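Hi,

Here is the structure I said I would pass on to you. Have a look at it first, and then read on for what turned up.

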Amino acid sequence: MSGNAINAAPALRGRLLLKEPMARHSSWRVGGAADQMYVPADLDDLRNFLGQQQPATPLLWLGLGSNLLVRDGGFRGTVIKLAGVLNELQFETPDQVTAGAGATCARVARFAAEHGLGGVEFLAGIPGTMGGALAMNAGAHGSEIWDWVEFAETLDRSGRLRTRRRDELDVAYRRVALPANEWFIRARLVLPADPARAAGRRIRELLARRAETQPTGEFSCGSVFRNPPGDFAGRLIEGSGLKGARCGAARISEKHANFIINEGGAHARDLEDLIRLAQQRVRTEFNVELHPEVRIVGEELQ
Ligand SMILES: Cc1cc2nc3c(=O)[nH]c(=O)nc-3n(C[C@H](O)[C@H](O)[C@H](O)COP(=O)(O)OP(=O)(O)OC[C@H]3O[C@@H](n4cnc5c(N)ncnc54)[C@H](O)[C@@H]3O)c2cc1C
């Protein structure tokens, strides 16, 4: 190498998308464009990319967008999309699974079952990634992901990797307090043995129960609100007479009132209007404050 060589930034190997419509990356199919989106090739590439970002550039980490509402004006900053990358799964005998943040929840559930492990059957019906599940403490049927996490690995803006255990993170119902500018890249799960090999059957039962009680197959983000202590958001919204209520092409589901459906062509604005309407009516009827579980980000359309 010549004496004039400078330390050039390593070439990026991932995919950079400019002005990327977030509606393509959201299970609600709404949302304006992000300034840029980066899909890293692997962990080294992601660290290189982060090292090349201005410290002030806002970053939004994205899995499958199944719990995210990006407003119609889009996101001023960079979206890092992990779904489909950093998605390795590893079985570590006798009772551990390591799952990359980009692996889908459904794959993790099936992988554990195939290796004779139980505990995470509930993940089969959650249409997100492990990263999103760790960030939201996703759960169903009385179980939550952090019940099974021995530790998670995180990455920060400077490329530093850390190991985080549950007691370092203030984990609660559908909420995890991760330090700013730190994100999940993988987790180690410790799971109970399933000697009877019943996990596969249980997965099928839970998926069937879901199809009976939830509007699967429509554009939604699952439950919009967290359940208030001792009650159910869906019961309160239904009790406020809001089943079937609409704003534009957004509608409160008749099947499950905590779901808001995009019938096709809804704007993020319509969904937010319905969210506010449900909050107001439940406040008036029941004196209960509903808090969205879904994360709302980005700019209003000017
Ligand atoms: C039909 C349907 C049913 C659902 N059922 C359930 C259910 O039963 N239980 C349940 O808990 N949820 C449910 N959900 C909601 C959703 O699937 C979960 O919250 C899921 O864990 C989100 O994962 P995701 O990859 O889609 O996250 P995204 O929606 O992409 O992101 C959600 C949040 O996590 C952050 N995030 C994503 N990846 C990372 C990362 N690697 N590190 C740090 N932060 C990150 C994002 O910035 C964002 O704030 C449902 C959704 C739908 C559409």
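Let me start with one pair of strands. β3 and β5 (residues 75-81) run parallel and are joined by 4 bridges. If you want a spot to click on, W61 stands opposite I80 in β5. Keep in mind that this is a predicted model.

Now zoom out a little. Those two strands belong to an open sheet of 4 strands, in the order β1-β2-β5-β3, with mixed pairing. Which strands stand at the edges? They are β1 (15-21) and β3 (59-62); each has a single partner strand, so one side of each is left without a neighbour in the sheet. On average, neighbouring strands here are turned by 30° against each other, if you ignore direction. Helix α1 (residues 43-51) lies across β1, β2 (33-39), β3 and β5, and the helix runs at about 160° to β5.

Next, the ligand. There are 33 residues around it, and W61, G63, S66, T129 and G139 are the closest. So W61 turns up again: the residue opposite I80 in β5 is also one of the closest to the ligand.

A few polar atoms are worth checking on screen:

- G139: a polar backbone atom is 2.6 Å from a nitrogen atom of the ligand.
- R174: an N or O atom in the side chain is 3.3 Å from an oxygen atom of the ligand.
- R210: a polar side-chain atom lies 2.8 Å from a ligand oxygen atom.

How much of the ligand does the protein cover? On its own the ligand has 980 Å² of accessible area, and the protein covers 93% of that. The elements giving two or more residues to the shell are β3, α3 (130-136), β8 (139-140) and β14 (182-190). Of these, α3 provides the largest share, with 5 residues. By type, the shell divides into 17 nonpolar, 12 polar and 4 charged residues.

Last, two backbone oddities. Most peptide bonds are trans, and most residues other than glycine have a negative phi. The bond joining T93 and P94 is cis, with omega at about 5°; P94 lies in the loop between β6 (89-92) and β7 (96-100). D170 has a positive phi, near 55°, and lies in the loop between β11 (161-164) and β12 (171-172).

Over to you!

How values were computed. Residues are numbered from 1 along each chain as its sequence is written. This is a predicted model: local features need pLDDT of at least 70, side-chain atom pairs count only at pLDDT 80 or more; totals for chains, interfaces and linings use all residues. Side-chain values use heavy atoms; hydrogens and water are left out. Two strands pair if DSSP finds at least two bridges between them. Axes are lines fitted to C-alpha atoms, for helices over the stretch in contact, and angles run from 0 to 180 degrees between N-to-C directions. Contact means heavy atoms within 4.5 Å. A residue is near a molecule or strand if one of its heavy atoms lies within 4 Å of it. A polar contact is a pair of N or O atoms within 3.5 Å; within protein, one must be able to donate a hydrogen and the other to accept it, and residues adjacent in sequence count only if both atoms are side-chain atoms. Accessible areas come from the Shrake-Rupley method with a 1.4 Å probe; for residues, only the protein chains shown count as cover. Ala, Val, Leu, Ile, Met, Phe, Trp, Tyr, Cys and Pro count as nonpolar, Asp, Glu, Lys and Arg as charged, and the others, Gly among them, as polar.
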